[in-house]
Amino acid sequence: MIQLQGINVALGGNQILEGLTWTLGDGKRIGLIGPNGAGKTTLLRVIGGYLEPDAGQVARSGSAGYLAQDVQEVTSGRSVIEETLTAFDAIEALQDREESLTQALDAPGANQTKILQELEAIHERLAIQEAHSAQARAETVLEGLGFSTDDLTRPVDTLSGGYRMRVSLARILLQRPDVLLLDEPTNHLDILSIDWLEQYLSSYAGTVVLVSHDRYFLNRMINTVAHLYRGRIAEYAGNYDYFLIEREKRRTLEQAAYENQQREILQAERFIARFRYKASKARQVQSRIKHLEKLERLLPPDSPDAQIRIRFPSPNRSGRTVLSVSEFSKTYTSAGETDVCVFDKAGPLEITRQQKIALIGKNGAGKSTLARILFGSEAIEGSRKEGHNVETRFFAQHQADSLIATDTVLESLNREAIGREEGYLRTLLGAFLFTGDDVFKPVQALSGGEKSRLALARTLVNPANFLILDEPTNHLDIQSIKVLIEALRQYSGTFVVVSHDRHFLDHVANVIWHIGDQGIRTYEGTYSEYRWALNHGSLSRIGLDRPATTKPVRKTRTRSGGPKTKEEKRREAEARNRAYREAQMNGQPATDELTPHQKQWLCDEAESAIAEAELRKRAAEKALADPNVYSNPVRAKEASATYASIQKELDDLYTRWEALVESLGDHIRE
């Protein structure tokens, strides 16, 4: 347990933490939330003992491990595995002592009883710390964080900043501190590594404090939110989504209390001013003066997050086919090193108008390489062809490095704008956290995160109809990611996005391209649907085994080359309904008694029912997210029951659909 009492911290003349008191309970999973500049990183450093507060006390009853956002320290000459094994320095010291004591046993005149007692104590401590499995545990953690066997012997100082962070994270996890402090741990992890970290932390025995902009990660990992605002902490029991609802309730109550107190103060001050010099009211006046002096003034509640909405201008309409790439290969050749094949006869690829494609896969699989191939800046063994009237914009991870240092933020954006008024540019910059005089800051004075946000704003300011975005959410806070999600949802063009933020992907993408094993596989649906299919083992049956081509399938059959008549469609619908009712007798689909034709009808019906149920599920989720529902217990119960009913219906539909698809076998229509 860690207790903070009356903590004050000022940095650069600004008061960051003021009178902060907080107790971190054992075994909690805490999400530390607050606006940019609130002092989240400063607070983590105080908790971990890396920063001494200006005033106040910190009481610790256990160890703390701290992972900083940007890990720069490198121990020259150490390999990845050697650096990770420094987590077991205490074990190594015990083993050295064990060896020296063993040698001392044979020395003339040695006190063997005392030596044997100390050896026994050392053996017990080594057993508790599982010294025999230290190497294996280190390799397991490194593998979970995305290192291959060959990577373990690489010198740490040759790694990128992201992989250095992974080494530091592995070392801290292996130390098993009582309190684990993680500042943006998912920033440099791919989706597979984030999944592994979630599983690891779910069984972690100690307390975990997370600072993260990954909303999906927070919702899955935390059971308490600590909201840092104006230098103070307010706790909420629940995950991030619960915090958003509960904060609004508290804000409403705090606003009412603040306004009531302000009215009370105003009335008292008016009474004092009116009767201060009237003898008959002297006692009442003095009573009110003393009351005001003793009154603990309430601060106005924090203002709600600004609801910034950016609607980008509609781009010119492109042709139906935006981009096509033939079957292609890509190999990197480095002097003195083995050739690295990223793609081997991958594709062919086709992107059609208004598709929203997410590229996912582990780090090093080739996501950024594919983004550059789609943009046309990466040479391949194959051909690439843009469609009619396609205008492409590309946002690269390191695009911020190309900004002109002497430009102000506004000037830098204006260089990319075409006929935009300053008001629009400043509104766009506000969406990416550049407010007030921030727009006049020189680029050279910006932090890495600020430069990244400016580069993203420059990418989005012009109405291109095909966007390629490589990790656009890096360095954005939750509110800015929300703005970007809304902007991309209403964007009428086509885009391809690389991101490890699963909440972001789930809200913007309608096609998933999985990159791995030197190839590309496709799944048409949202990220959540992809994960569901992956967890239920049905990806091989629903499309992940197909190349990433996205030509739409024409489902309407034709009669003698022409369209069906209304009468034919009606008869087919009646036949499908009859088959569906017959197959549902006794609650079980009688798939063995149906012809392939009937099974295909049922499959189509199930898909339609799933789509309709998904719409109702989204409406039910929206109802559950409405704070007003919880003011009425009956409505809240009904909303929960409706959602549970729809979810059960969906589970049954998916089970039935999978059984039909499996039974169809070779008869599935492509």
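**Strands, helix and cores in a predicted model**

Q: What makes β1 and β4 paired strands in this predicted model?
A: Strand β1 (residues 2-11) and strand β4 (residues 55-60) are joined by five bridges, in the antiparallel sense. Pairing requires at least two bridges. Five bridges therefore qualify β1 and β4 as a pair. Within it, Gln 3 stands opposite Ala 59 of β4.

Q: What makes β1 and β2 a hairpin?
A: β1 pairs with strand β2 (residues 14-24) in the antiparallel sense, over seven bridges. Two residues lie between β1 and β2. Gly 12, in the turn, has a positive phi of about 60°. Ala 10 has Gln 15 of β2 as its bridge partner.

Q: How many helices and strands does the protein chain hold?
A: The chain has 21 helices and 20 strands. It has 670 residues, and buried residues make up 45% of them. Among contacts between residues at least 6 apart in sequence, 69% join residues at least 24 apart.

Q: Which strands are the edges of the sheet that contains β3?
A: The sheet is open and has six strands, in the order β5-β6-β7-β3-β8-β9, with mixed pairing. Its edge strands are β5 (64-67) and β9 (232-237), each pairing on one side only. Neighbouring strands in this sheet are turned by 20° against each other on average, direction ignored.

Q: How do you know that β5 and β6 pair?
A: Four bridges join β5 to strand β6 (residues 179-183), and the two run parallel. The cut-off is at least two bridges, so β5 and β6 pair. Ala 64 stands opposite Val 179 in β6.

Q: Which strands does α9 lie across?
A: α9 lies across β3 (29-33), β8 (224-229) and β9. The angle between α9 and β9 is about 115°.

Q: How do you know that the span of α10 fits its number of residues?
A: Helix α10 (residues 282-294) has 13 residues. Its first and last C-alpha are 19 Å apart, close to the 18 Å expected at 1.5 Å a residue.

Q: Why are the buried residues of α10 said to be on the same side?
A: The buried residues of α10 are Val 285, Ile 289 and Leu 292. They cover an arc of only 65° around the axis, and this puts them on the same side of α10. An α-helix has 3.6 residues a turn, so residues three or four places apart point the same way. On the other side of α10, Arg 283 and Lys 294 are exposed. What covers the buried residues includes α9 (240-275).

Q: Why is β14 called largely enclosed?
A: Strand β14 (residues 356-360) has five residues, and five of the five are buried, so the rest of the structure largely encloses it. Buried means under 20% relative accessible area. Both faces of β14 are covered. Lys 356, Ala 358 and Ile 360 are buried on one side, and Ile 357 and Leu 359 on the other. In a regular strand the side chains alternate between the two faces of the sheet.

Q: Which strands does β14 pair with, and where does Ala 358 fit in?
A: β14 pairs with strand β18 (residues 494-498) in the parallel sense, over four bridges. Four bridges also join β14 to strand β19 (residues 511-516), which runs parallel to it. Ala 358 has Val 497 as its bridge partner in β18, and it stands opposite Ile 512 in β19.

Q: Why are β16 and β20 called edge strands?
A: The open sheet of six strands has the order β16-β17-β18-β14-β19-β20, with mixed pairing. β16 (392-395) and β20 (519-524) each have a single partner strand, so one side of each is left without a neighbour in the sheet. Neighbouring strands here are turned by 15° against each other on average, direction ignored.

Q: What makes β17 and β18 a pair?
A: Strand β17 (residues 466-470) and β18 run parallel and share five bridges. At least two bridges are required, so β17 and β18 pair. Ile 468 has Val 496 of β18 as its bridge partner.

Q: Which residues touch the most other members of the largest nonpolar core?
A: They are Phe 432 and Phe 504, in a core of 46 residues. Leaving out residues up to four places away in sequence, Phe 432 touches Arg 453, Leu 456, Ala 457, Leu 460, Leu 476 and Ser 480. A second, separate core has 42 residues, including Val 80, Tyr 204, Val 208 and Met 221.

How values were computed
Residues numbered from 1 in each chain as written. Predicted model: local features only at pLDDT ≥ 70, side-chain atom pairs only at ≥ 80, totals over all residues. Heavy atoms only, no water. Buried < 20%, exposed > 50% of the residue type's maximum accessible area, 1.4 Å probe, protein only. Axes fitted to C-alpha atoms, helices over the stretch in contact; angles between N-to-C directions. Expected span 1.5 Å × (residues − 1). Arc of directions from axis to C-beta. Contact = heavy atoms within 4.5 Å. Core = buried A, V, L, I, M, F, W, Y, C linked by side-chain atoms within 4.5 Å.
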